[in-house]
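Student: I am new to this structure. Please take one part of it and go through that part closely.

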Amino acid sequence: MLIAGTHTTVLTIDLFVSQLIAHPEAFEKARDEIDNHVGDSRLINDADLANLPFLHGTISETLRFGPVKVLPAHESSEDCTVRGYHIPRGTQLFVNAWAIHSDPELWIEPDRFKPERFLIQSEKEKGGFKFIPFGLGRRVCPGEGLGMRVMALSLGTLIQCFEWEEVKEDQKKAEERHVKIIFRPREALAKTLLSAGTDTSAAIIEWANSLLLNHPAVLNKGRADLDNYDIGHDRLLVDEPDLAKLPYIDPKLNKQDTAIVSSSATSSAT
Ligand code: HEM
């Protein structure tokens, strides 16, 4: 499960980056979409994904170009007939997804990278079983939903936060189709990126711990909040959804952490 999930996702992310480097107009559209819906004061999150159809279009178009060219072999468990062909039991079947994804009978200009085709589909491109990057049927990839979300979040973050620049390599490497990219933080996002970093979370936790030790009244109120909360019999530790029901602790973590931190540092215990 881990290998099936990580390798394919990484391959697709890799291919996506090289496709967007080669198609700056698609990159700009994806970035405009994120800037319009998310802005630069926070990072893209799971709830934004439904509002980012072009980003999804670029991922689908990358998948059409095929990180997975041929689906893993399937074997018929019984004799069957497909379109008049007799398939004996035990026959191995390979589906050439790449050929289906590049078929001019099924796609308009199949060789062109056009994310828009997944937004406004022409009659020719609508329906059917021609887009199969995750396979089909009983053995379809069970990680499709997760994979799409992980890719949309990772790639969306890369587009939102970084300027992408291709490093021009010498001719030999170019012939090997070796692409090297530098990601530089976008100026407009620098503050957001900094405050979103893990270092800052660790620093705030450390700071909050020392403040709580110095302000036992606050600690006791927080503990009372927890003691009065019925966590149920099947768990020992609180989880994220519990926070909404912890009125004293929740606002301190979510809204007022900086206010508390700075005011408690100078004033006496609340
Ligand atoms: C871009 C991401 C991904 C792509 C392109 C992809 C693609 C595929 C394909 C083509 C298959 C074979 C389907 C068939 O046999 O017809 C497959 C199977 C599978 N995938 Fe994925 N996958 C991705 C992400 C994931 C993730 C995130 C997970 C798990 C967390 C996952 C777990 C699996 C498993 C367990 C199978 C085997 C299913 C079976 O044989 O019944 N995949 N995937």
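Tutor: What follows is a close look at helix 5, its partners and the loop before it.

This is a predicted model, in which local features need pLDDT of at least 70 and side-chain atom pairs count only at pLDDT 80 or more, while totals for chains, interfaces and linings use all residues. Residues are numbered from 1 along each chain as its sequence is written.

The protein has 11 helices and six strands. Helices (H or I, at least four residues) and strands (E, at least two) are DSSP runs, numbered from the N terminus. Of the 270 residues, 13% count as buried. A residue is buried if 20 or more other C-beta atoms lie within 10 Å of its own, exposed if 12 or fewer, and partly exposed in between, with C-beta atoms placed from the backbone.

Helix 5 has 18 residues and spans 25 Å from its first C-alpha to its last, close to the expected 26 Å. That expected span is 1.5 Å times one less than the number of residues. The buried residues of helix 5 are Gly147, Met151, Leu155, Gly156, Ile159, Gln160 and Cys161.

Leu155 also belongs to the largest nonpolar core, which has 14 residues; Phe16, Ala30, Ile34, Leu55, Ile59 and Leu155 touch the most other members. Such a core is a set of buried Ala, Val, Leu, Ile, Met, Phe, Trp, Tyr and Cys residues joined through C-beta atoms within 7 Å. Helix 1 (2–22), helix 2 (24–37), helix 3 (53–65) and helix 5 each give two or more residues to this core. Not counting residues up to four places away in sequence, Leu155 touches Ile13, Phe16 and Ile59. Two residues are in contact if their C-beta atoms, placed from the backbone, lie within 7 Å.

Helix 2 packs against helix 5 at an angle of about 90°, with the axes 9 Å apart. The two helices are therefore roughly perpendicular, a term for angles of 65 to 115 degrees. Phe27, Ala30, Arg31 and Ile34 of helix 2 make the contact with Gly156, Ile159 and Gln160 of helix 5. Axes are lines fitted to C-alpha atoms, for helices over the stretch in contact, and angles run from 0 to 180 degrees between N-to-C directions.

The loop between helix 4 (97–101) and helix 5 (144–161) holds Cys141. UniProt lists Cys141 for "binding site" in an unreviewed entry; such annotations may be inferred rather than shown by experiment. Cys141 counts as partly exposed because it has 18 C-beta neighbours inside 10 Å. Leaving aside neighbours within four places in sequence, Cys141 is in contact with Phe134 and Gly135.

Definitions and conventions
Parallel < 35°, antiparallel > 145°, perpendicular 65-115°, else oblique.
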